[in-house]
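Reader: Could you take me through one part of this model in detail, keeping to what the coordinates support and giving the cut-offs behind each term?

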Amino acid sequence: MRFTQYLVLSASILGAVHAGASQAADITLALGTEPSTLDPQTAQDGSERAVSRNIFETLLTRTPKGELVPHLATALPRAIDAATWEVTLRPNLKFSDGQPLDAAAVAASINRIVDPKTASRQRPFFLGIKQAEAVDATTVRVHTNGADPALPARLSWLTIVSPGAAADGSLGQKPVGSGPYVLTEWSKGNRIVLSKNPNYWNPAAVGNVDRATYRFVAEPGTRLSGLRAGDFDFITNVLPEDTKRVAKAVTLQGTDLPFVSLNALKGLTTDVRVRQALNYAVDKEALAKDLYGGYAAVSRGQLLAPGWFGYDASIEPYPYDPKRATELLKAAGAHGKTIDLYAPSGRWLKDKELAETIAACWEAAGLKVNFRVLAWAEYLDALNKNRVPTEAQISSSHSNQLLDADRTLSAYYAEGGVAAANDNAELKGLIDQARQEADPAKRQALYTKALKIGRDQAYLVFLLEGGEIFGLSKRVDFAPRVDGLIPLKDFRVTD
């Protein structure tokens, strides 16, 4: 299977990185939404990640192309037995407040994120982990719920936080990590400013960005104008039609998968015929070609992308069949009824426009659509609380930095998942079984069964394999990564 394809939209980005290219510099980045918190263990918020992953670090990391490599750890984790892994830390690591980042701190971070009391929205990333303990100052033992072949991938995403800041509740506003940058200002609704950590343990790995200011601009046109005017050096979600209007534009396909989460527990969409109709009603080919300008491909009936473990290319997408959609709605007694569709604006590429187009397709098939654009915090609550107390369908986009199906299916397919809305016990059983299956072939077979159930039961509207398009100023170089992160250490300022 292939990893996400890296596309470069400007030949200038292909040049060699300007090694040591210039003196330290300041840059300004424009994000579509403001982080909901800077606690990296509680939210599942792309804007939070864009900022906080410069402050916090992980035991393992990925290369830009996706290879797992040690980071705070000295090597990849070692399996002691089927349910026990051991990790050795680099010696003498410290948090930015000078406190030791030792095995006790690592164990506390792991135990915090898997503790149900933490109520982490990242829970699906770490369902295989039971607990962790410090063996000595640099040795951590991680206990899993049976075999957990995805454990190394999980540790590439699990952030290590200061136990003191976590305990006193200040982490979300005053983050304390071990990363190459520290928070120097957060003016709510206006900007976040990060500066280089003068005591970072690996300064040679950091580029020449000395200070980064994040601004929050929901409208793509305003972000584009700011980039062209020199106010911004980096912007998210450049519209496909605007790629020739920026100095440099880069993208990764397959890092974000637009979809609609359907509520199989309440309302019209408890009927599988209605859910299937919502899939048949949408012209995915037109979305990929016309709305996304060719920077997307039709999803193959699953919320996975090529290159992620568990992806199955044999699963067929729902064809565009508006006549069949109308027939199913009539058979289910839903024709002419009202359905709610919620969406954000500015978080993902053309997220509002995509949802508006879907709403129009559903109306053409015979439904009345109550379409609402929600503020970001309200949207996150709607998505992550199973639409309680509403019956709405949620337009969203999914990224999977584990590159493993367990993260996706545990969150969006399995009963009780943080963004799932079905009670299919068979489906949940397959997902739980696959999580602990060590044999890759058997594990893949379990995921294929689960994906087929998800497709046939239409728990989602499967749309596209898409990705973000980033815009850069002339003075900045940055190459996108398969994990979708935006680390400041990877930027190079060339003027």
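Author: What follows is a look at the nonpolar core, then at one strand and at a few single residues.

This is a predicted model, in which local features need pLDDT of at least 70 and side-chain atom pairs count only at pLDDT 80 or more, while totals for chains, interfaces and linings use all residues. Residues are numbered from 1 along each chain as its sequence is written, and side-chain values use heavy atoms, with hydrogens and water left out.

A nonpolar core here is a set of buried Ala, Val, Leu, Ile, Met, Phe, Trp, Tyr and Cys residues joined through side-chain atoms within 4.5 Å, where buried means under 20% relative accessible area, exposed over 50%, and partly exposed in between (1.4 Å probe, protein chains only). The largest such core has 87 residues, of which W362, L409, Y413 and L463 touch the most other members. Its largest share, 7 residues, is supplied by helix α9 (residues 351–365); helices (H or I, at least four residues) and strands (E, at least two) are DSSP runs, numbered from the N terminus. Because domain 1 (24–55 + 179–247 + 473–494) and domain 3 (255–467) both give residues to this core, it lies between them, with the domain bounds coming from an automatic or database domain assignment. Apart from this core lies another, of 65 residues, including I55, F56, L93 and I113.

L409, leaving aside residues up to four places away in sequence, touches L304, A414, I431, Y447, A450 and L451, contact meaning heavy atoms within 4.5 Å. Y447 is also among the residues touched by R435, with the same sequence neighbours not counted. R435 belongs to helix α12 (residues 425–435) and is buried, at a relative accessible area of 8%.

In strand β23 (residues 469–472), I469 and G471 point one way and F470 and L472 the other, and all are buried. Strand β15 (residues 248–252) pairs with β23 in the antiparallel sense over 4 bridges, and A249 has G471 as its bridge partner; two strands pair if DSSP finds at least two bridges between them. Strand β14 (residues 234–235) also runs antiparallel to β23, joined by 2 bridges, with F234 partnered by L472.

The loop between β14 and β15 holds N237, which is buried at 2% relative accessibility and has a positive phi near 55°. Most residues other than glycine have a negative phi.
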